[in-house]
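Hello,

Here is the structure you asked about, with some notes on what turned up in it. Please keep it open while you read.

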Amino acid sequence: MAKKNSQDKSIEKVKKKVLKIIKMSEKEDSDEKIPVDTDINSAGPEKTDIPLTAKEEKKRKKLEKKQQKKAKKKSRKLPVRILIFLAKTLFLRIPAVIIILVAIALIGVKIYLSPSRVQGLIVTNFNGMSNGKIEMNVKEFSPYGGFVIEDIVIYNGPEFNSTVFVKMKRLAIKYGLFPMLIGNVRIPEIGIYKPEIYLEEKNGVWNAAKLMKPGEKKEPEKKEPEKKEEAKKDDKKEPPMKEISLPVAAEFLFKFVLDDLKMYVKGSKFKSSVEGLTFSLDIDIPPFKKIPLSVEAVSLLKNMSIVLNPKEEMKVSFISDEAEASPPLVLTWKLLFSNEKKDAPQFNSIFKLGMYNTPVRFKNIYLTPLNFMVSYDLFYNPVKDHLTLNHLGVEFHGKKWIYLTGAVENVTKKQVIDLKMKESDISLGDLHPYFRSVTNDYRTFFGGNISLAPLTIKGDPDNIDIDGNVTLKGVSFSIPGTSALIPYLNISYLVLKRSDDMIISSNIVMPHLYYTLGKYKSGDNGFELKTDISAFNNFSRVVIRNFGVRLYSPDDSKNALDLAVSGDVMLKPQLAGSVSISKLQFNKPPLYAMVPEKFKKMLDGIPVSKPVDMNLGVNFFLGDIITAKLNMLVKVPDFQVPDLAMGLDVVYDKNQKVADLKSFTLGSKAWNADISASGKVDHKVVPISDADIKLSVKLNNPQMKQMQGPWFLGGLVDINAFVKGNLDTGKAYGSVKIEKLFVKNDEGKIYVDDMNMNFPFEFLFKYLKKALAGESQITITKEQVIDSQFFSEKPNFSIKSVRAKHPARDMIFEFVKDFEMYMAFKNNIFQIVNMKAYVLDGALYGRNILFNLSDFNQDNMEFKMILDITNVDIAKLDEPDPKKKTRDAELSLSANFSGRGLNVKKELKPVGYIEIYKIGEKFANKLMKGLSEEQGQSKLGVIGQFAMDNSMKVSTFNFNLDKGLVYATVTLSRGAIGYAFGVENNQIKFDRITVGEFLRKVKQGD
């Protein structure tokens, strides 16, 4: 019931409002009635015949139309009349009132914000917010048109003594606010004129940071992560827009000027200043309604100008303890656009950066004034998408290092490039003074000129040709101990790119090269290198069509090294391919004229005088299974080897860890020589889990053949070796057989006659562990204990004679004859039993000589020797004629010692004895010096040494060896006056001395 009453009240209110509107409209109608008695459309008094004037007739027609309009309104229905009234109120009366109010407000704001009032507001607010203060003169101010402020000065706070922070002659911003509302954006001036900025640091704080007072810190509001809407799969992508259409035409004008900026920076460790920096920006776009979404959008521009420092030079300085630079600095950049000619709109850009004789200092080093320039000048036509490069250059000391010109078409699409390097002259001599000043290195020198021209680059990124040259003239360098001079060098190169493929070729020519190593100067060297390489599918495959190197003597053009290589290699997905060295020739004689003097002696040690030739072919595949095949042919005329051939075929399974040497051969048919090997090695267990390898070496030349120079060789050599098993159970075994081997050298007077050997060997890997554990492997065997000819093995090694040039006479002398012995290799022990030989008219007899290789470490190798030397006449080394034989020159001794370690750089530790029971005077004196002298002084004393030197002679030496120490006893015999001066018991006993020290003193006693 209450709800119904409220509805009735609402209806009554609406009725009252409608009736009020009706009364108001009737009142308006009654007010607008014209007091005229005559109604044109109704009957009334008779018309008068008095004619109306033109003015009265016009008035009458106007009145008539007005009455018709009123009659029409009265004839409308009430709802229609209400709607018309509401529409007029909403769309005419209310907006008119708002516009009037806004206009009044804008006029009020402009009247209120007068220049003086704005100046006061700015000064008051700035001074309240900062630690400093501001002064200015507001000349003009309009919130709708801009402002002009002159003589602006901002002062620092008290911390910086209230000094000037910023000064500005004039600040102007002019715009049109109301035209912007209809798309006419015009900002004819934003100008900053003659600003000066003074930055200063005190106690690690800059005045800019301390100018404003700190504000209240507000906690940042936590933003809830936005939920990303998942794109609907069914949504169809709309085609990209080509242009944007505006509802009304718009235009744009913008001008900005920064005139003569000066900035001064004073830090705690440096000072810097910039003066004369000017920048301007001017953009003019006529009215437009459409914006193309492409490069063609630049066609909207009428003019554009961006200019940095049009005067080019500006004053820039920097001073610190580390460096110093003084003005002027050349810096300018211009970007200009003109569209006044519709058929040829274009951008023009100019850039320069450099210095003209600018002094520069690094620490306390003052450099020669710098003079360099980097610049470019280019044009770009956006409609044709064409760029023209007038030049791109780098200059240093007036020389053009780089001077590039050309054009690029379709810059924003698929570029078509046409560039040329016209000039290039890089002077290393101009750079050297700066290098010397910066590094303070007066011992290094370099000079000469390098040119990168000519160079052409043509094509698009998928099909491009690069053709160029690099030329060096008079290039030299020198560092302590080394120097070089290259009078001329030329590198020509050509790169052709076709999609994913590429061809690269180059040619390096250096006719002359001179260098110095220490005080030794080289001769003239010539060098050439040629390459021709093709790459396919982004370097997945590389084909080396030709790679050639030639090192030659320019004096006679003879080659010292000549190399030619070709190949075809797959780099992806796995490395595989083939490489062929079709020519590799080494020729020693031309090198004598090319290398420094000290290397000529090294060349003498290379035993070849004729060219050595080699060619080689390799096929390989590197994957889970690695394969390699190699074939090589070598020709060495000096060694009479015209056909040394090598072949290799090997497979390695990375997963199974098995290497399979299918075949290895090395041999010469001319020499009837052959080396071959094959087998497998399994190393699943490191270092080896199983092996089965065979090696064979054969040489069969019954007649003597010239091997190299004066060397001749003849005979039979047959070696067979096998390796089987692992390091626990495996072994290496085989045999070495030599029959009727003769070696002679008539020029060097060296002859080895009738060498024979039948030597079986066996090396057990299990003894390696024992050697590493420190166990001695030399044991006393039955053959060593029972020294009987009945149980002795027959000799398996013999040499009939060894002859050579006598050391003191120009004659052939027989040093050894009838040398024979039995040797064996068992249980990793090399054994020599019953070694016999005639040496210098005496006898050499080795009863037992043992040698253990151990783990192949010199420190762990073991030895044992029982040796007898009888009546060896050492005097024959001075005088071979028996008629001139020297008395007491024979040597006889017995030796029995053993030990571990053969590293002569460390202390030797033999144990045993050496007894010399017959010795010549000369040799005895050398041994005595090794025992009796210490730092040049005799350990026998003055009297004892006098007696030794003048009255006593050495009769015997007895050396006891104990863990590397020598305990010597020397027995003497009395001379003619020996009974007056003698030694007690005719014996001298010496304190212990290390074996190494004793041998060193004996050697110094020469």
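Helix α7 covers residues 428–439, and its length can be checked with simple arithmetic. At 1.5 Å a residue, its 12 residues should span 16 Å, and the C-alpha atoms at its two ends are 16 Å apart, so the two values agree. Keep in mind that this is a predicted model. Within α7, the buried residues are L428, D430, H432, Y434 and S437. Just after the helix comes N440, which takes a positive phi of about 60°.

Next, the strands β25, β26 and β27. Strand β25 (residues 541–553) pairs with β26 in the antiparallel sense, over 11 bridges. One place to look is R541, which stands opposite M570 in β26. The hairpin of β25 and β26 has four residues between the strands, and S557 in this hairpin takes a positive phi near 60°.

β26 (558–570) is followed by β27 (575–586), and these two are also paired in the antiparallel sense, over 10 bridges. Here G567 has V579 in β27 as its bridge partner. β26 and β27 form a hairpin too, with four residues between them.

L571 sits in the loop between β26 and β27. Is L571 buried or exposed, or something in between? Its relative accessibility is 40%, so L571 counts as partly exposed. Buried would require under 20%, and exposed over 50%. Together with F539, L575 and L622, L571 makes a nonpolar surface patch of about 310 Å².

Another loop residue is V383, found between β13 (365–381) and β14 (386–396). V383 counts as exposed because its relative accessibility is 52%. Its C-alpha atom is separated by 8.1 Å from that of Q346, although the two residues are 37 apart along the chain.

Last, the interior. In soluble globular proteins, nonpolar side chains tend to be buried together. The largest nonpolar core in this model has 75 residues, and the members that touch the most others are F797, M835, I916, I919, V954 and F957. Strand β36 (residues 750–764) gives this core its largest share, six residues. Another core lies apart from it and has 40 residues, among them L301, Y380, V408 and L419.

Which residues should you find first in the viewer? I would start with the buried ones of α7, including L428 and Y434, and then turn to the surface patch around L571.

Regards

Terms used
Residues are numbered from 1 along each chain as its sequence is written. This is a predicted model: local features need pLDDT of at least 70, side-chain atom pairs count only at pLDDT 80 or more; totals for chains, interfaces and linings use all residues. Side-chain values use heavy atoms; hydrogens and water are left out. A nonpolar core is a set of buried Ala, Val, Leu, Ile, Met, Phe, Trp, Tyr and Cys residues joined through side-chain atoms within 4.5 Å. Buried means under 20% relative accessible area, exposed over 50%, partly exposed in between (1.4 Å probe, protein chains only). The expected span of a helix is 1.5 Å times one less than its number of residues. Patches are made of residues with over 30% relative accessible area and no salt bridge: like charges are joined within 9 Å, nonpolar side chains (Val, Leu, Ile, Met, Phe, Trp, Tyr) within 5 Å. Accessible areas come from the Shrake-Rupley method with a 1.4 Å probe; for residues, only the protein chains shown count as cover. A salt bridge is a side-chain nitrogen of Lys or Arg within 4 Å of a carboxyl oxygen of Asp or Glu. Two strands pair if DSSP finds at least two bridges between them.
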